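This report describes one protein chain, beginning with a single helix and moving outward to the chain as a whole. Please keep the sequence and the structure in view while reading.

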Amino acid sequence: MNDILVLPTGALADASLAIARSSVSRPIVDHSIRSFLFARLLADHEGCLDDAEYDEDLLFAATVMHDLGLGERATGEARFEVEGADLAAAVLRRHGVAERDIDRVWEAIALHASLGIAHRRGLLTSLTHRGVFIDAGRITDGVADGLRQEVLSAYPRTSGDRSIADAIVAHASRSDAAAPPGSLAFELLRQHREAEHARVRRQESPERRQPSWPTKQ
């Protein structure tokens, strides 16, 4: 296997992966790992691996823990991105990570779903966001497509899996604060409710269509 597809090791990396595996579903863990691999391959492609701002341990922490807000440790009292960022910050703090770096990881996770914003922030936030959205299929270009093939060969994804979208909807349903207008969660919840209403209407429609018999004169 290409060395760039090997996952980091060490106390922080192990703790980041452990909390993800213990609190979110396997498909979400796999998505998080692929997000890291896409982000690191992207950094390699763009020549960022030697930048002063590039920190592989922090990138692994941000990508692997970016969906903790969709797991059992989240309370549903805020949007999932923020709850995930808070949970990840607590892990980093327990491992003695500097507050400046904790803040960088917090921002990367809190903004990972913010299209049009995240890529304008620092390298860590930008790489986290783009790694996540390459795996989600929302970033499609020559570079992303090439990276996708390389990662999926090593870490396959189940076709048609909706684990992430379903988890976002479930979290968004827990409180108004979990899905504020304009957020990804709000939009996915709206789509889910519209689909449910359409399904109910389809089920009810045969009952409403009673046969029309001609009346006798």
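Gly47, just after helix H2, takes a positive phi of about 70°. The model in which this is seen is a predicted one.

**Helix H2 and its residues**

H2 covers residues 26-45. The helix has 20 residues, which at 1.5 Å a residue should span 28 Å, and the 28 Å between its end C-alpha atoms agrees with that expectation. Of these 20 residues, 15 are buried, so that H2 is mostly covered.

Two residues of this helix can be examined in turn. Leu37 lies in H2. Is Leu37 buried or exposed? Its relative accessibility is 0%, and because burial requires a value under 20%, Leu37 counts as buried. Beyond its neighbours within four places in sequence, Leu37 is in contact with Ile4, Leu5, Leu7, Val151 and Tyr155. By comparison with these contacts, Asp101 is a partner in a distance only: Leu37 and Asp101 are 64 residues apart in sequence, and their C-alpha atoms are 20 Å apart in space.

His31 is also found in helix H2. With a relative accessibility of 4%, His31 counts as buried. Which side chain makes a polar contact with the side chain of His31? The partner is the side chain of Asp135, at 2.6 Å. Asp135 is again among the residues that His31 touches, together with His66, Asp67, Val132 and Ile164, when residues up to four places away in sequence are not counted.

**Helix H6**

Helix H6 is made up of residues 123-135. All of its residues, 13 of the 13, are buried, so H6 is largely enclosed by the rest of the structure. At 1.5 Å a residue, its 13 residues should span 18 Å, and the end C-alpha atoms are indeed 18 Å apart. H6 is followed by Gly137, whose phi is positive, near 80°.

**Helix H4**

Helix H4 comprises residues 80-94. Its 15 residues reach 21 Å from the first C-alpha to the last, close to the 21 Å expected at 1.5 Å a residue. Which residues of H4 are buried? They are Phe80, Glu81, Glu83, Gly84, Ala85, Ala88, Ala89, Val91 and Leu92. The cover over these buried residues includes helix H1 (11-23), helix H3 (56-64), H5 and helix H8 (163-172). After H4 comes Gly96, with a positive phi near 70°.

Ala89 belongs to H4 and is buried, with a relative accessible area of 6%. Leaving aside neighbours within four places in sequence, Ala89 is in contact with Ile102 and Trp106. The C-alpha atoms of Ala89 and Arg26 are separated by 22 Å, and these two residues are 63 residues apart along the chain.

The three helices and the glycine that follows each of them are set out below.

| Helix | C-alpha span | Glycine after the helix | Phi |
|---|---|---|---|
| H2 | 28 Å | Gly47 | about 70° |
| H4 | 21 Å | Gly96 | near 70° |
| H6 | 18 Å | Gly137 | near 80° |

**The nonpolar core**

The largest nonpolar core has 57 residues. Within this core, Leu59, Met65, Leu92, Val105, Ile109, Leu124 and Leu127 touch the most other members. Helix H2 supplies the largest share of the core, 10 residues. Ile109 touches Ala61, Ala62, Met65, His66, Glu81, Gly84, Ala85 and Ala88, not counting residues up to four places away in sequence.

**The chain as a whole**

The secondary structure of the protein chain comes to nine helices and zero strands. Of the 217 residues in the chain, 45% are buried. The accessible surface is about 11700 Å², and 50% of it belongs to carbon and sulfur atoms. The C-alpha atoms fill a box of roughly 90 × 35 × 30 Å along the principal axes. Among contacts between residues at least 6 apart in sequence, 64% join residues at least 24 apart.

**Confidence in the prediction**

The mean pLDDT of the protein chain is 89, and 94% of its residues reach 70 or more. Which elements have the lowest and the highest mean pLDDT? Helix H7 (residues 142-154) has the lowest, at 81, and helix H5 (residues 99-110) has the highest, at 98.

Methods
Residues numbered from 1 in each chain as written. Heavy atoms only, no water. Helix = DSSP H or I, 4+ residues; strand = E, 2+ residues; numbered from the N terminus. Expected span 1.5 Å × (residues − 1). Buried < 20%, exposed > 50% of the residue type's maximum accessible area, 1.4 Å probe, protein only. pLDDT = per-residue confidence, 0-100. Core = buried A, V, L, I, M, F, W, Y, C linked by side-chain atoms within 4.5 Å. Contact = heavy atoms within 4.5 Å. Polar contact = N/O pair within 3.5 Å; in protein donor to acceptor, adjacent residues only side chain to side chain. Areas by Shrake-Rupley, 256 points an atom, 1.4 Å probe, with all protein chains shown as cover.
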